[in-house]
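This report introduces a structure to a reader who has not met it before. It takes up the ligand, then an enclosed space, and then a single loop residue.

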Amino acid sequence: IEAVSETGSTNADLLARLPAGALSRPVLRIADVQNAGRGRAGRPWLSAPGASLTFSLAWPFKGPLQRLAGLPLAVGVALAETVASLDVPVQLKWPNDLMKDGAKLAGILVETGTAPDGVPWAVIGCGINLAMPDDMEAAIGRAVSSAPWLARMDRNELVALLLSRLAAVLAEFDDTGFAPFRDRWNALQAWRGQPVNILDQGNVVHQGLAAGVDDAGRLLLDTSAGRVAVLSGDVSLRLA
Ligand code: ATP
């Protein structure tokens, strides 16, 4: 476990070590502040000292890399179940966000790569809003959620709880893939049965009712043309 006061992005820090063979065992890297935190497709993830918990976990897998497609959803299950066990009710927004009171409480960014010895690794970034100041919410430009109850907890204790459940989920995922997590994910799904849009670079590519995920972690959408299964890629989900 590495704790630093400030860095650009904990995901970028860990990913940079991968091609050099400098990762040999799981590493958790926590930063008080990330100056260049990122979400999917290079979108910014904003955080502030004391306002957020941001960390990344580098983890080796048996592989192959393609098996990791459902990993962000399994990570969502681990985080959501941990937070819920601390009396903070949350839901999962496909593919990679934790929602509380209808707004984003936490984001997950999974990036993958292969070490020189051929072992596939995932770098799993998590940003959880503990007490977002108003000016930061204004900078984000959309409503966000915070969890003041978690902000009052001892940070080491919170990280230990998150890490132990995450480690258990990752070990299981490596053996089984996403399928055994499907029902746990669906039980926590935000906007289930509600009309949603799937956006690709801002354009609506599918419209339908959100109907849970399948064994591979694809979102099932009931559209006027029947049921479609949407792969995550760079698509985003919004309420219609
Ligand atoms: P979307 O939320 O638009 O459907 P997404 O889930 O793929 O897309 P990510 O790439 O995971 O979004 O996260 C980046 C986006 O999250 C940013 O574009 C910004 O709107 C929002 N964001 C940035 N920082 C925070 C934060 N601390 N809390 C909540 N939302 C944030």
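## The ligand and its contacts

In the side chain of Asn129, an N or O atom is found 2.9 Å from a nitrogen atom of the ligand. The protein buries 94% of the 630 Å² that the ligand exposes when taken alone. The model that shows this arrangement is a predicted one.

Oxygen atoms of the ligand also have partners: a polar side-chain atom of Arg40 lies 2.7 Å from an oxygen atom of the ligand, and an N or O atom in the side chain of Arg142 is 3.0 Å from an oxygen atom of the ligand. In total 18 residues surround the ligand, and the closest of these are Arg40, Leu46, Asp97, Lys104 and Arg238.

## An enclosed cavity

Rolling a probe the size of a water molecule over the atoms shows where empty space is left. In this model the count comes to one cavity of 30 Å³ or more, and the volume of the largest cavity is about 30 Å³.

The lining of the largest cavity is formed by Phe61, Gly63, Pro64, Arg67, Leu68, Phe173 and Asp174. Sorted by class, this lining has four nonpolar residues, one polar residue and two charged residues.

## A loop residue

Between strand S8 (195-200) and strand S9 (203-213) there is a loop, and Gly202 lies in it. Gly202 counts as exposed because its relative accessibility is 61%, where the cut-off for exposed is over 50%.

Gly202 and Val235 are 33 residues apart along the chain, and their C-alpha atoms are separated by 8.8 Å.

How values were computed:
Residues are numbered from 1 along each chain as its sequence is written. This is a predicted model: local features need pLDDT of at least 70, side-chain atom pairs count only at pLDDT 80 or more; totals for chains, interfaces and linings use all residues. Side-chain values use heavy atoms; hydrogens and water are left out. Helices (H or I, at least four residues) and strands (E, at least two) are DSSP runs, numbered from the N terminus. Buried means under 20% relative accessible area, exposed over 50%, partly exposed in between (1.4 Å probe, protein chains only). On a 1 Å grid over the protein atoms alone, a cavity is a set of points where a 1.4 Å probe fits but cannot get out, and a pocket is an open set with protein on both sides within 12 Å along at least five of seven lines; lining residues have an atom within 4 Å of a point. Grid points are joined across faces, edges and corners, and a volume is the space filled by probe spheres set on the points. Ala, Val, Leu, Ile, Met, Phe, Trp, Tyr, Cys and Pro count as nonpolar, Asp, Glu, Lys and Arg as charged, and the others, Gly among them, as polar. A residue is near a molecule or strand if one of its heavy atoms lies within 4 Å of it. A polar contact is a pair of N or O atoms within 3.5 Å; within protein, one must be able to donate a hydrogen and the other to accept it, and residues adjacent in sequence count only if both atoms are side-chain atoms. Accessible areas come from the Shrake-Rupley method with a 1.4 Å probe; for residues, only the protein chains shown count as cover.
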